[in-house]
Amino acid sequence: MSRLPAWLDWMTRARPGEATLRTVRPGDAEALARLHAQSFRIGWDAAEFERLIANRLTRGLVATDGPGGMPVGFILLSGVAPEMEILSVAVDSRRRGAGLGRRLVEAAFGTLAAEGYRTVFLEVEDGNAAALKLYARTGFREIGRRPGYYRNGAGAPVAALTMRRDIA
Ligand SMILES: CC(C)(COP(=O)(O)OP(=O)(O)OC[C@H]1O[C@@H](n2cnc3c(N)ncnc32)[C@H](O)[C@@H]1OP(=O)(O)O)[C@@H](O)C(=O)NCCC(=O)NCCS
């Protein structure tokens, strides 16, 4: 996602009060680590985000509070065309439920289609209601289940669902 094409730039442009979307940059690592830590039990640190962002197979979008503002959400993906995998998507806990997760996923599809990617996979913890709704809304369907793949907060085994969406 080197630069957003003009039509996608228009599509992802913020309406008043909405977050702005842009491609991820190396300088985002600290902020993405903070968002990740408040979203997942096992957080990825800034060094891990630096490594991911620098990887040539990584694509990502960041939602900021206005142009030049602080990141309030992100999506990171990795893969080799025609297949892509969502590595992580997270929205600031104070900004959830307002459509930002959906904007990030749909905008990522737009850029991926333009780059020749055709299929996106992901893995999600069974019972993550917000994520499951987000993925259902953005056209993903379950294609597999790995029982006991994750541990929940109490240490009990939880399945990982594998999901797929084809990009038209
Ligand atoms: C998953 C996450 C990214 C969704 O972001 P968001 O900005 O709140 O999502 P949206 O507002 O775009 O909502 C998308 C859909 O999910 C629904 N939704 C949002 N939060 C929900 C919740 N807690 N429970 C049930 N549905 C929920 C919305 O209503 C919307 O559906 P609709 O179009 O039918 O109304 C966000 O909750 C988050 O960061 N969670 C922690 C990290 C995480 O779990 N990431 C996914 C790991 S695979």
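**Helix H4, the sheet and the nonpolar cores**

H4 is mostly covered, with 11 of its 15 residues buried. The model discussed here is predicted.

Colleague: Which element gives the most residues to the largest nonpolar core?

Modeller: The largest nonpolar core has 29 residues, and Ile 75, Leu 77, Ile 86, Val 120, Tyr 135 and Phe 140 have the most contacts inside it. Among the elements that give two or more residues to this core are strand S3 (71-78), helix H4 (100-114) and helix H5 (129-137). With 7 residues, the element that gives the most is H4.

Colleague: How far apart are the end C-alpha atoms of H4, and why does that agree with its number of residues?

Modeller: The 15 residues of H4, at 1.5 Å a residue, should span 21 Å, because the expected span is 1.5 Å times one less than the number of residues. The value in the model agrees with this: the end C-alpha atoms of H4 are apart by 22 Å.

Colleague: Which residue with a positive phi follows H4?

Modeller: The buried residues of H4 include Leu 100, Leu 104, Phe 109 and Leu 112. After the helix comes a residue with a positive phi, near 95°, and that residue is Gly 116.

Colleague: Which strands stand at the edges of the sheet, and why is one side of each left without a neighbour?

Modeller: The sheet is open, has 7 strands with mixed pairing, and follows the order S1-S2-S3-S4-S5-S7-S6. Each edge strand has a single partner strand, so one side of each has no neighbour in the sheet. The strands at the edges are S1 (20-23) and S6 (141-151).

Colleague: How many bridges join S3 to S4?

Modeller: S3 is mostly covered, as 7 of its 8 residues are buried. S2 and S3 run antiparallel, joined by 7 bridges, and Arg 59 stands opposite Leu 77 in S3. A hairpin through 4 residues joins S3 to S4. These two strands also run antiparallel, and the number of bridges between them is 6.

Colleague: At about what angle does H5 run to S5?

Modeller: H5 lies across S4, S5 and S7. Of these strands, S5 and S7 run antiparallel and are joined by 7 bridges. The angle at which H5 runs to S5 is about 160°.

Colleague: Why does the pair of Phe 49 and Phe 74 tie together parts of the chain, and how many residues apart are they?

Modeller: The two rings form an edge-to-face pair, at 5.6 Å centre to centre and 85° between the planes. Phe 49 is buried, with a relative accessible area of 0%, and Phe 74 also counts as buried at 0%. Phe 49 lies in helix H3 (residues 46-54) and Phe 74 in strand S3, so the pair ties together parts that are apart in sequence by 25 residues.

Colleague: Which residue joins Phe 49 and Phe 74 in a cluster of ring pairs?

Modeller: The count of aromatic pairs comes to 5. Ring pairs link Phe 49 and Phe 74 into a cluster with Trp 44.

Colleague: How are the rings of Tyr 135 and Phe 140 arranged?

Modeller: Tyr 135 is buried, with a relative accessible area of 6%, and it touches Ile 86, Val 89, Leu 122, Val 124, Phe 140 and Met 163, not counting residues up to four places away in sequence. Phe 140 counts as buried at 6% relative accessibility. The ring centres of Tyr 135 and Phe 140 are 5.5 Å apart and the planes stand at 70°; planes over 60 degrees apart give this class, so the pair is edge-to-face.

Terms used: Residues are numbered from 1 along each chain as its sequence is written. This is a predicted model: local features need pLDDT of at least 70, side-chain atom pairs count only at pLDDT 80 or more; totals for chains, interfaces and linings use all residues. Side-chain values use heavy atoms; hydrogens and water are left out. A nonpolar core is a set of buried Ala, Val, Leu, Ile, Met, Phe, Trp, Tyr and Cys residues joined through side-chain atoms within 4.5 Å. Buried means under 20% relative accessible area, exposed over 50%, partly exposed in between (1.4 Å probe, protein chains only). Contact means heavy atoms within 4.5 Å. Two strands pair if DSSP finds at least two bridges between them. Axes are lines fitted to C-alpha atoms, for helices over the stretch in contact, and angles run from 0 to 180 degrees between N-to-C directions. Rings of Phe, Tyr and Trp (its six-membered ring) pair if their centres lie within 6.5 Å; planes under 30 degrees apart count as stacked, over 60 as edge-to-face and the rest as tilted.
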